[in-house]
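Good morning, and thank you for making time for this item. I should like to take you through one structure, beginning with its sheet and ending with a few points of backbone geometry.

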Amino acid sequence: MGVDFAFLDSGTGGIPYMLSLKEKVPAASCVYLGDTAHFPYGQKSPQEAASAAAQAVDLIVKNWKPKTLVVACNTISVTALDDLRSRFPSLPIVGTVPAVKLAAKVTANKRVGLLATNATVSHPYSEKLIKDFASDCLVFKRGDPDLIEFIEKKFFAATKEERLAAVRPAVDFFAKNKCDTIILGCTHFTHVADEIQEAAGPLVRVVDSREGVANQALRVFPGSASSLREKNPSVKEEGLPADKSFFFTAASAEQEKEYRAMCEKFDIPFCGLIK
């Protein structure tokens, strides 16, 4: 046996995805790994990203034997998902890709912004998503490693004013291009969804893939969503961590302080370093 769902990201970006699934199925057991030793994935080549992700998944499988893996990272998903599925053929793996299809449905003026990592905005997979689902839209792409760095290392201790200032360059870029819809194409940006919405104003839609990813994870789970809902959440398998436990692969003292603050905010057990 093992945990029901494991979540993988380069850092803290996938936390809202885990919480979204837990909201749907509170009894599902989850564990989270931030592969902070390889942060940021968005600045790596596809080959580097695939190699680092494979190491992280191997760590997850050996320690927690998940029934389903959610790759809660857009960069890993667009660069390495096929490689991971071939390396771990018996493990259902759900990726996270930019919500281009949703954005194309909700935009009124057909001008859409894609906010992501440099790797995601430049990857052919993103171009294919746009061609397949938003061919009638103008899509303005922005890679924003500075905002990702802020979210990973400063966000949870930042004031509201600092958070709004951090998202302002991205919001101004999309406003200049008259975008009425902004896609959060990096899971880290879901942490600042409210700030982006506030800065962009009520006429702009901010969309992400949390709902779709949670639904897909429940669809591919080797069992049924109803069986998960019938579980007794107080029964925990011996040797497995507490539900929603957060682990990371590397951190400075300052980063660890940030991670502890995040865990306290979301009521997540902080479990620290794992190798």
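What you see is a predicted model. Let me begin with the sheet: an open arrangement of 6 strands, ordered β4-β3-β1-β2-β9-β10, with parallel pairing. At its edges are β4, residues 93–94, and β10, residues 270–273, each of which pairs on one side only. As a general reminder, the strands of a sheet pair through backbone hydrogen bonds, in either a parallel or an antiparallel manner.

Within this sheet, I would draw attention to β1 and its partner β2. The two run parallel and are joined by 5 bridges, with F5 finding its bridge partner in C30 of β2. How many of the residues of β1 are buried? The count is 5 of its 5 residues. Both faces of β1 are covered, with F5, F7 and D9 buried on one side and A6 and L8 buried on the other.

On to the next pairing. Strand β2, residues 30–34, is joined to β9, residues 245–248, by 4 bridges, and these strands also run parallel. Here L33 stands opposite F247 in β9.

Now the helices that lie across these strands. Helix α1, residues 15–24, crosses β1, β2 and β9, and runs at about 175 degrees to β2. Helix α12, residues 253–266, lies across β9 and β10, at about 165 degrees to β9.

Helix α12 has a further partner in α7, residues 145–153. Their axes are 8 Å apart and the packing angle is about 75 degrees; the two helices are therefore roughly perpendicular to each other. In this contact, I151, E152 and K153 of α7 meet Q255, E258 and Y259 of α12. By class, the contact comprises 2 nonpolar, 1 polar and 3 charged residues.

One residue of that contact, I151, leads us to H191, since I151 is also among the contacts of H191. H191 is located in the loop between β7, residues 181–184, and α9, residues 193–200. Is H191 buried or exposed? Its relative accessible area is 9%, so H191 is buried. Its side chain reaches the backbone oxygen of T12 at a distance of 2.8 Å. Beyond neighbours within four places in sequence, the contacts of H191 are T12, G13, I15, P16, I151, F155, F156 and F266.

A second buried residue is L84, in helix α3, residues 74–87. With a relative accessible area of 0%, L84 counts as buried. Setting aside neighbours within four places in sequence, L84 is in contact with A53, A54, V57, V71, I76 and I93. The C-alpha atoms of L84 and S51 are separated by 9.3 Å, although these residues are 33 apart along the chain.

Finally, the backbone geometry. Where is the cis peptide bond? It joins F39 and P40, with omega about 0 degrees, and P40 lies in the loop between β2 and α2, residues 46–64.

Two residues other than glycine have positive phi values: K178, near 60 degrees, and D267, near 55 degrees. K178 sits in the loop between α8, residues 160–176, and β7, while D267 belongs to the loop between α12 and β10. K178 counts as exposed at 57% relative accessibility, and D267 likewise counts as exposed, at 61%.

That concludes my presentation, and I welcome your questions.

Definitions and conventions. Residues numbered from 1 in each chain as written. Predicted model: local features only at pLDDT ≥ 70, side-chain atom pairs only at ≥ 80, totals over all residues. Heavy atoms only, no water. Pairing = 2+ DSSP bridges. Contact = heavy atoms within 4.5 Å. Axes fitted to C-alpha atoms, helices over the stretch in contact; angles between N-to-C directions. Parallel < 35°, antiparallel > 145°, perpendicular 65-115°, else oblique. Nonpolar A, V, L, I, M, F, W, Y, C, P; charged D, E, K, R; others polar. Buried < 20%, exposed > 50% of the residue type's maximum accessible area, 1.4 Å probe, protein only. Polar contact = N/O pair within 3.5 Å; in protein donor to acceptor, adjacent residues only side chain to side chain.
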